Amino acid sequence: MVEETFKARSMKQSFDWKLVMIYLLLVLIGFVNIYASIHSSDPESILSWTSRSGKQFVWILTAFGLAGLIVFVLPPRIWEGASIPLYIGVLFLLVAVIFLGVEVKGSRSWFEFGPVRFQPAEVSKITTSLLLAYVMSRPNFKITQLKDFLTVAAVIGLPMLVILGESETGSALVYVGFIFMLYREGLSGWFLTVIGLAILIFILTLTASPYTAILTLAGLILLFNVFHSHQGWKFLLWGGLYVLVMALFPRLWSFLTEQLIPGAGLLGSVDPSVEMSIRQASSWSFLLKIKPLYFLIGSGLIAIPFLLMAAYRRKSRFLLFSVLGWLAGVVMVFSADFIFNDILQDHQRKRIEVLLGMKEDPAGVGYNVNQSMIAIGSGGLTGKGFLNGTQTTYGFVPEQSTDFIFCTVGEEWGFVGCLVVILLYVMLIWRILLDAERSREHFTRIYGYCVASCLFMHLFINIGMTIGLMPVIGIPLPMMSYGGSSLWAFTILIFIFVVLDHEEKKYF
């Protein structure tokens with residue numbers, strides 16, 4: 001009798017069936033919308049092997065088989081012990097695919113075996129999550145210790161760099177999401193702030209000017225010190241005055257040069273010979289060579305010794321890091337053009353330019369996003385109905401069954417359908433985080449946060465891409481986009497956590 005009670009409890013009370021049901025619903029919704037996205041160009045039966053929906057059905061069945069294997073056959077503790085060899089094996093595949101893989105849309109990240117393609121980058125998220133959980137659950141591990149931090153950075157950075165070498169920017173960006181797990185495990189919130197500042201400075205440099213980017217950085221660092229320091233009013237008084245003066249300085253400098261050198265305001269908009277005469281017309285022409293940016297940087301450099309002395313007297317590490325942060329920001333501003341023009345590929349630059357409004361290209365790079373937004377917007381509140389979407393039916397949106405599957409939901413099921421899908425993902429992530437927080441094992445908790453981070457990054461990037469808030473970088477919507485590699489990877493990722501959570505709850 002005792003044994004029967006234990007078995008009943010192990011299957012009904014210790015298994016997170018809600019999480020599994022959400023997973024199944026997302027897979028079903030994805031399958032239906034994959035068929036909707038291809039039915040006009042491929043009018044076969046929904047289960048026909050020659051159509052994408054039929055192939056996806058096979059991937060779904062095999063994914064369920066993998067889930068069953070993980071839950072009922074493999075011992076749950078195998079994942080902790082196998083984390084290192086699995087990580088090394090997949091890292092080897094990531095490198096090998098660069099030389100042995102096939103190129104698909106500019107990315108050499110796929111192995112091809114007849115009609116089947118396999119993408120190691122999808123599996124690497126699983127092995128990286130497992131190894132992070134293994135390393136960070138070891139006794140005496142502390143993320144705040146330099147040695148441990150560098151170990152974690154290497155575990156995340158190695159596959160990320162190799163994936164970037166495959167030109168798979170979308171898959172590489174997912175690795176940034178691990179910082180949320182690191183934050184839960186004790187990493188300072190300032191790392192998130194630094195990443196946000198870096199992105200902001202990069203965007204301002206491209207869209208506004210280096211002067212605006214550096215002044216914004218100085219203003220934000222000032223605010224951080226105001227709230228952090230016991231004498232914040234001094235920072236606010238002197239720093240606020242400095243930022244205000246430097247904000248007005250370009251206009252004052254332009255007014256001064258115009259007064260001393262008549263016609264200086266026309267430079268850059270007149271004939272070169274006229275411009276030359278303007279430059280030579282006054283003994284003050286040397287002022288034209290001095291840009292306001294030089295004053296901004298120069299004044300900052302002059303202030304640095306005084307700030308360092310103040311940091312030393314007060315033993316303020318925060319002020320010291322603020323100075324170093326400003327210097328790093330200045331370096332980043334001057335390297336932004338190099339990163340944008342020489343490191344990013346041409347198609348990546350064009351997508352960023354369209355996203356940031358630097359260029360309009362509705363018939364080129366911006367075509368996918370424009371058509372996607374038209375499809376989602378045309379769905380209205382409740383959508384046009386299953387198989388009735390015009391953008392979907394006539395194939396206006398490229399890659400609609402893969403990266404842009406969400407716009408099919410928006411057009412045929414409307415705002416209500418989009419809301420339901422997003423809520424399902426939110427519930428899925430919330431269930432994983434809830435189970436992870438209740439876990440007694442550090443390995444299970446850390447792995448659960450890794451799973452939630454991967455799902456969140458895919459959700460954020462993919463949906464942001466379809467509504468024009470993120471650049472088009474090619475990343476699937478978990479469980480819904482067409483593709484076997486993606487579905488298998490997310491199935492394995494989720495069900496490893498499910499079985500680890502189940503194993504713990506059996507012994508409550």
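Modeller: Let's settle a term before anything else: buried means under 20% relative accessible area, exposed over 50%, and partly exposed in between (1.4 Å probe, protein chains only). This is a predicted model, so local features need pLDDT of at least 70, side-chain atom pairs count only at pLDDT 80 or more, and totals for chains, interfaces and linings use all residues. Residues are numbered from 1 along each chain as its sequence is written, and side-chain values use heavy atoms, with hydrogens and water left out.

Colleague: Okay, let's try that term out. Is Lys 315 buried or exposed?

Modeller: You'll find Lys 315 in the loop between helix 14 (292-314) and helix 15 (317-343). Its phi is near 55 degrees, a positive value in a residue other than glycine. The relative accessibility of Lys 315 is 72%, so this residue counts as exposed.

Colleague: And Asn 140, what is its relative accessibility?

Modeller: Asn 140 sits in the loop between helix 6 (120-136) and helix 7 (146-165). Phi is positive here too, near 70 degrees, and Asn 140 is not a glycine. Asn 140 counts as exposed because its relative accessibility is 72%.

Colleague: Now the big picture. How many helices and strands does the protein have?

Modeller: Helices (H or I, at least four residues) and strands (E, at least two) are DSSP runs, numbered from the N terminus. Counted that way, the protein has 21 helices and three strands.

Colleague: What percentage of contacts in the protein with a separation of 6 or more comes from residues 24 or more positions apart?

Modeller: A contact means heavy atoms within 4.5 Å. While we're on totals, buried residues make up 46% of the 508 residues. As for contacts with a separation of 6 or more, the share from residues 24 or more positions apart is 69%.

Colleague: In what order do the three strands of the open sheet come?

Modeller: Two strands pair if DSSP finds at least two bridges between them. Strand 1 (102-104) and strand 3 (116-118) are the edge strands, each pairing on one side only. The pairing is antiparallel, and the order is 1-2-3.

Colleague: Which residue in the turn of the hairpin has a positive phi?

Modeller: Three antiparallel bridges link strand 2 (residues 107-113) with strand 3, and one pair of bridge partners is Phe 113 and Val 116. The hairpin of strand 2 and strand 3 has two residues between the strands, and the one with a positive phi, about 65 degrees, is Gly 114.

Colleague: On the other side of strand 2, which residue stands opposite Val 104?

Modeller: Strand 1 and strand 2 run antiparallel and are joined by three bridges. Opposite Val 104, in strand 2, stands Ser 107.

Colleague: On to the helices. Is helix 2 roughly parallel or antiparallel to helix 21?

Modeller: Axes are lines fitted to C-alpha atoms, for helices over the stretch in contact, and angles run from 0 to 180 degrees between N-to-C directions. The axes of helix 2 (residues 17-38) and helix 21 (residues 484-505) come within 11 Å and cross at roughly 170 degrees. Angles under 35 degrees count as roughly parallel, over 145 as roughly antiparallel, 65 to 115 as roughly perpendicular and the rest as oblique. Helix 2 is therefore, relative to helix 21, roughly antiparallel.

Colleague: Which backbone oxygen lies 2.9 Å from a polar atom of the side chain of Asn 462?

Modeller: Asn 462 is in helix 20 and is buried, with a relative accessible area of 0%. Leaving aside residues up to four places away in sequence, Asn 462 touches Asp 403, Phe 406, Ile 475, Pro 476 and Leu 477. The backbone oxygen at 2.9 Å from its side chain belongs to Asp 403.

Colleague: How far apart in space are Tyr 482 and Asp 403, C-alpha to C-alpha?

Modeller: Tyr 482 lies in the loop between helix 20 and helix 21, and counts as buried because its relative accessible area is 18%. Among the residues it touches are Ile 34, Trp 59 and Thr 402. Tyr 482 and Asp 403 are 79 residues apart in sequence, and their C-alpha distance is 8.3 Å.

Notes:
A polar contact is a pair of N or O atoms within 3.5 Å; within protein, one must be able to donate a hydrogen and the other to accept it, and residues adjacent in sequence count only if both atoms are side-chain atoms.
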